[in-house]
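Colleague: Before I rely on this model, I should like the descriptive terms justified one at a time. Please display the sequence and structure so that we may begin.

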Amino acid sequence: MRLVLLGLPGAGKGTQGDRLAEKYSIPHISTGGLVRSVIDSGLKLGEIFNAYIAKGNLVPDEYMMEMLRQRILADDCRNGWILDGFPRTVAQAKRLDQMLEHETEVLDRAIDIRISGEEAVLRITNRRICRSCGQIYSIEHSPEKVKGFCDKCGEPLYQRPDDNVEVARLRIKVYMEQTHPCVHYYAQTGRLTSVNGEQDIDAVFADLQAAVAVLYAKKAGGQK
Ligand SMILES: [Zn+2]
């Protein structure tokens, strides 16, 4: 099963991607994490990435595509993958389709986890993160047991400096302008499923599982 997760920052792509990955035994590929691991790898591609990022520039699409191509050809992607953080633009969505076609693969579905802009702002500004283990809490929806300290490891929690209202609004604006059109691109090509991301985490996951089950059933039935 080859999936793309779309949704505003705070929609839960990371959390739900992890759960889907575990459930279906396919890797959850977060492009943010992948870029960091390529940079840390010391490979040639990592040096190229670093040169762009160090100057404050975006890594050009062609290098992102090459990174993704190498990743999805890895052994653990034989049965599929879940992509999160890519595509960020319709141009990237089209490039992804071309690259997959070249590798005789096909994207099964884009899943849009829908939340409102106001909910996104709320979730981003309510987020607290453990300095030690990276566990994420929401002071609204999933607060820590002892205020200010991680349930798992007891280390202090912090708020990322970027998780403020102004930066959140800007990220949402950029998402709506650049990434949201991907929803229409996938809808027009008959590959979009939307789920309501404002339900609790388990209900969202149940909807995602139901959507993926339909896709597996179609595949088993010999339909594309
Ligand atoms: Zn912790």
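Colleague: Where does Thr 104 lie, and why is Thr 104 called exposed?

Modeller: Thr 104 lies in the loop between α5 and β4 (109-114), where helices (H or I, at least four residues) and strands (E, at least two) are DSSP runs numbered from the N terminus. Only 6 other C-beta atoms lie within 10 Å of Thr 104. A residue is exposed if 12 or fewer other C-beta atoms, placed from the backbone, lie within 10 Å of its own, partly exposed in between, and buried if there are 20 or more. Thr 104 is therefore exposed.

Modeller: I should add that this is a predicted model, in which local features need pLDDT of at least 70 and side-chain atom pairs count only at pLDDT 80 or more, whereas totals for chains, interfaces and linings use all residues. Residues are numbered from 1 along each chain as its sequence is written.

Colleague: What makes the phi of Thr 104 worth noting?

Modeller: Its phi is near 50°, a positive value in a residue other than glycine. Most residues other than glycine have a negative phi, and most peptide bonds are trans. Ser 25, in the loop between α1 (13-24) and β2, also has a positive phi, near 55°. Ser 25 has 9 other C-beta atoms within 10 Å and is therefore exposed. A cis peptide bond, with omega about 0°, joins Phe 86 and Pro 87; Pro 87 is in the loop between β3 and α5 (90-102).

Colleague: How do you know whether Ile 29 is buried or exposed?

Modeller: Ile 29 has 22 other C-beta atoms within 10 Å and is therefore buried. Ile 29 belongs to strand β2. Beyond its neighbours within four places in sequence, Ile 29 is in contact with Leu 34, Arg 71, Trp 81, Ile 82, Leu 83 and Asp 84; contact requires C-beta atoms, placed from the backbone, within 7 Å.

Colleague: What makes Ile 82 part of the discussion of the largest nonpolar core?

Modeller: Ile 82 is named with Leu 5, Leu 83, Ile 111 and Ala 120 as touching the most other members among the 36 residues of that core. A nonpolar core is a set of buried Ala, Val, Leu, Ile, Met, Phe, Trp, Tyr and Cys residues joined through C-beta atoms within 7 Å. Not counting residues up to four places away in sequence, Ile 82 touches Leu 3, Leu 5, Gly 17, Leu 20, Ala 21, Ile 26, His 28 and Ile 29. Ile 82 is also the bridge partner of His 28.

Colleague: How do you know that β2 and β3 are paired?

Modeller: Strands pair if DSSP finds at least two bridges between them, and three bridges join β2 to β3 (residues 81-84), in parallel. Likewise, four bridges join β1 (residues 2-6) to β4, also parallel, with Val 4 opposite Ala 110. Between β4 and β8 there are five parallel bridges, one pair being Ile 113 and Val 195.

Colleague: Why is the sheet called open, and what stands at the edges?

Modeller: The parallel order is β2-β3-β1-β4-β8. β2 (28-30) and β8 (192-196) each have a single partner strand, so one side of each is left without a neighbour in the sheet.

Colleague: What makes the buried residues of helix α6 lie on the same side?

Modeller: In α6 (residues 117-125), Ala 120, Val 121, Arg 123 and Ile 124 are buried. They cover an arc of only 170° around the axis, which puts them on the same side of α6; the arc is that of the directions from the helix axis to the C-beta atoms. These residues pack against β5 (127-130), β6 (136-138) and α7 (165-179).

Colleague: How do you know that the chain is as compact as a globular protein of its length?

Modeller: The chain contains nine helices and eight strands. Its radius of gyration is 18 Å, close to the 17 Å that the globule rule gives for 224 residues, so the chain is as compact as a globular protein of that length. The radius is taken over C-alpha atoms, and the rule is 2.2 Å times the number of residues to the power 0.38. The C-alpha trace spans about 50 × 40 × 35 Å along its principal axes, and buried residues make up 25% of the 224.

Notes
Two residues are in contact if their C-beta atoms, placed from the backbone, lie within 7 Å.
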